[in-house]
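Q: Please take a close look at one part of this model, and describe how that part sits among its neighbours.

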Amino acid sequence: MRDIESIEAQKEGQGFQFPGEFEITAMGNANADLKARVPQILEGIGLHVLHETVSHRDSREGNFISVTVSFRAENREQYDLAHSSLRADPDIRYTL
């Protein structure tokens, strides 16, 4: 069994490296045009969106959609801002 110190040491070696390209998924209402809005929100906060990476998937019953896109972040603050900006949108329920 591993102790908490070995787990914490392992986590430190596997953190994000900036600058870098990151993927984010936003999930929300299917009728909210999130395929267009997610990249717009990210660009609106000054992030470079890799438009060729935008993909989406509808929920089984069609009520929700998940939109995945890659973007470039120079630092952790920009990465965190991407999540908080998307979560601030009333039609987006979650981000991953």
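A: In this predicted model, the elements of the protein chain follow the order α-β-α-β-β-α-β from the N terminus, which amounts to 3 helices and 4 strands. The part chosen for a close look is strand E3, which spans residues 64-73.

Burial is a good place to begin. Of the 10 residues of strand E3, 8 are buried, that is, under 20% relative accessible area, and the strand is therefore largely enclosed by the rest of the structure. For the protein chain as a whole, with its 96 residues, the share that counts as buried is 33%.

The pairing of E3 comes next. Strand E1, residues 20-29, pairs with E3 in the antiparallel sense, and 10 bridges make up this pairing; within it, Phe64 of E3 has Asn29 standing opposite. Strand E2, residues 48-58, also runs antiparallel to E3 and is joined to it by 7 bridges, with Arg72 of E3 standing opposite His48. E2 and E3 together form a hairpin in which 5 residues lie between the two strands, and in that turn Gly62 has a positive phi of about 80°.

Two values for the protein chain complete the setting of this strand. Among contacts with a separation of 6 or more, 68% come from residues 24 or more positions apart. The accessible surface of the protein chain comes to about 6500 Å², and carbon and sulfur atoms hold 46% of that surface.

How values were computed:
Residues are numbered from 1 along each chain as its sequence is written. This is a predicted model: local features need pLDDT of at least 70, side-chain atom pairs count only at pLDDT 80 or more; totals for chains, interfaces and linings use all residues. Side-chain values use heavy atoms; hydrogens and water are left out. Buried means under 20% relative accessible area, exposed over 50%, partly exposed in between (1.4 Å probe, protein chains only). Contact means heavy atoms within 4.5 Å. Accessible areas come from the Shrake-Rupley method with a 1.4 Å probe; for residues, only the protein chains shown count as cover. Two strands pair if DSSP finds at least two bridges between them.
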